[in-house]
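Visitor: I'd like to learn how to read a structure like this one, feature by feature. Could you walk me through it?

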Amino acid sequence: MIKISAIYIIRIFYIFASILKMQPLYTKYRNFILFTAIGCVATLVDFGLYSLLHYANFHYLVANIISYHVGIVCSFLLNRHYNFKMKDKTVSRFCSFYIINLAGLILSEVLLFLFVDRLQWNSLLSKLIATVFVGILLFVGIKYYTFKKPKQDTP
């Protein structure tokens, strides 16, 4: 019993040690890490709703449009509050976030069409592949356009 407890204490120590070593890495890539985590949450919402609509016999492209829009709103709210922590210009930031995501939706629709209609791939697998590819492109646009930091005036 005591031996098992010591093993757990050692494991906890190694976990904390590895976290401390990763702190500079986390600090450097914080926005990307949080964007990815938030993107996973929004993607689960998107993919979950897409799956429900798919099994409710919605056409896969219509299901994608509906679920994608719900994912956009979820992602914006979480990124604004937890990741980029910018509470100003909510309407203009949402508009630019939405436009960038609409470009992502168009790309997603094109990829789904190619994968499902042309290559005859499974629509759920196709949705997953398209989501990963589009998500990487979205990060760049959102970080450097929607949530770009204001320029500091230097004297």
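**Rings, pockets and buried spots**

Guide: Let's start with the rings: Phe76, Phe84, Phe94, Phe97, Tyr98 and Phe147 form one aromatic cluster. Keep in mind that this is a predicted model.

Visitor: Before the details, what does the chain consist of, in helices and strands?

Guide: The protein chain has five helices and zero strands. Going along the sequence, the pattern reads α-α-α-α-α. Of the 155 residues, 32% are buried.

Visitor: How much of the contact map comes from residues 24 or more positions apart?

Guide: Take the contacts with a separation of 6 or more: 70% of them join residues 24 or more positions apart.

Visitor: Back to the rings. How do I describe a pair of them?

Guide: A pair of aromatic rings is described by how far apart the centres are and by the angle of the planes. This structure holds ten aromatic pairs. In the pair of phenylalanine 47 and tyrosine 50, the ring centres are 6.5 Å apart and the planes meet at 45 degrees, so the pair counts as tilted.

Visitor: Why are phenylalanine 47 and tyrosine 50 separated by about one helical turn?

Guide: Because they sit three residues apart in helix α2.

Visitor: And which of the labels, buried or partly exposed, goes with phenylalanine 47, and which with tyrosine 50?

Guide: Phenylalanine 47 is partly exposed, at 23% relative accessible area. Tyrosine 50 has 0%, so this residue is buried.

Visitor: What lies over the face of tyrosine 50?

Guide: Lysine 127 does, at 5.4 Å from the ring centre. There's another case to look at: lysine 143 lies over the face of tyrosine 144, at 5.6 Å from the ring centre.

Visitor: Lysine 127 makes me curious about its other partners. Which charged residue should I look at?

Guide: Try aspartate 46, which lies in helix α2, residues 30–55. Leaving aside neighbours within four places in sequence, aspartate 46 is in contact with Ser67, Tyr68, Gly71 and Lys127.

Visitor: Is aspartate 46 buried or exposed?

Guide: Buried: the cut-off is under 20% relative accessible area, and aspartate 46 comes in at 7%.

Visitor: Does tyrosine 50 turn up in another contact list, and if so, where?

Guide: Look at serine 123, in helix α5. Apart from neighbours within four places in sequence, serine 123 contacts Tyr50, His54, Leu112 and Val116. Serine 123 also counts as buried, because its relative accessibility is 12%.

Visitor: What about a residue outside the helices?

Guide: Methionine 86 is in the loop between α3 and α4. With 11% relative accessibility, methionine 86 counts as buried. Not counting residues up to four places away in sequence, methionine 86 touches Arg80, Arg93, Phe147, Lys148, Lys149 and Pro150.

Visitor: How far apart are the C-alpha atoms of methionine 86 and phenylalanine 147?

Guide: They're separated by 7.3 Å, although the two residues are 61 apart along the chain. Phe147 is also one of the residues in the aromatic cluster we began with.

Visitor: Now for empty space. How do I find it?

Guide: Rolling a probe the size of a water molecule over the atoms shows where space is left empty. Here, the largest pocket has a volume of about 500 Å³.

Visitor: Which residues lie nearest the centre of the largest pocket?

Guide: Gly39, Thr43, Thr131, Gly135 and Leu138, out of 25 lining residues. The helices α2, α3 (60–83), α4 (90–118) and α5 (123–146) each supply at least two residues of that lining. α5 gives the most, with ten residues.

Visitor: What does the lining of the largest pocket look like by class?

Guide: It has 15 nonpolar, nine polar and one charged residues.

Visitor: And how much space lies in the second largest pocket?

Guide: About 220 Å³. Its lining includes Asp88, Lys89, Arg93, Tyr145, Lys148, Lys149 and Pro150. α4 and α5 are the elements that give two or more residues to this lining, and α4 gives the most, with three.

Visitor: How do the residues of that second lining divide by class?

Guide: Two are nonpolar, three polar and six charged. For a link to the loop, compare the lists: Arg93, Lys148, Lys149 and Pro150 are among the lining residues, and methionine 86 touches each of these four.

Conventions:
Residues are numbered from 1 along each chain as its sequence is written. This is a predicted model: local features need pLDDT of at least 70, side-chain atom pairs count only at pLDDT 80 or more; totals for chains, interfaces and linings use all residues. Side-chain values use heavy atoms; hydrogens and water are left out. Helices (H or I, at least four residues) and strands (E, at least two) are DSSP runs, numbered from the N terminus. Buried means under 20% relative accessible area, exposed over 50%, partly exposed in between (1.4 Å probe, protein chains only). Contact means heavy atoms within 4.5 Å. On a 1 Å grid over the protein atoms alone, a cavity is a set of points where a 1.4 Å probe fits but cannot get out, and a pocket is an open set with protein on both sides within 12 Å along at least five of seven lines; lining residues have an atom within 4 Å of a point. Grid points are joined across faces, edges and corners, and a volume is the space filled by probe spheres set on the points. Ala, Val, Leu, Ile, Met, Phe, Trp, Tyr, Cys and Pro count as nonpolar, Asp, Glu, Lys and Arg as charged, and the others, Gly among them, as polar. Rings of Phe, Tyr and Trp (its six-membered ring) pair if their centres lie within 6.5 Å; planes under 30 degrees apart count as stacked, over 60 as edge-to-face and the rest as tilted. A charge sits over a ring if NZ of Lys or CZ of Arg is within 6 Å of the ring centre and within 35 degrees of the ring normal.
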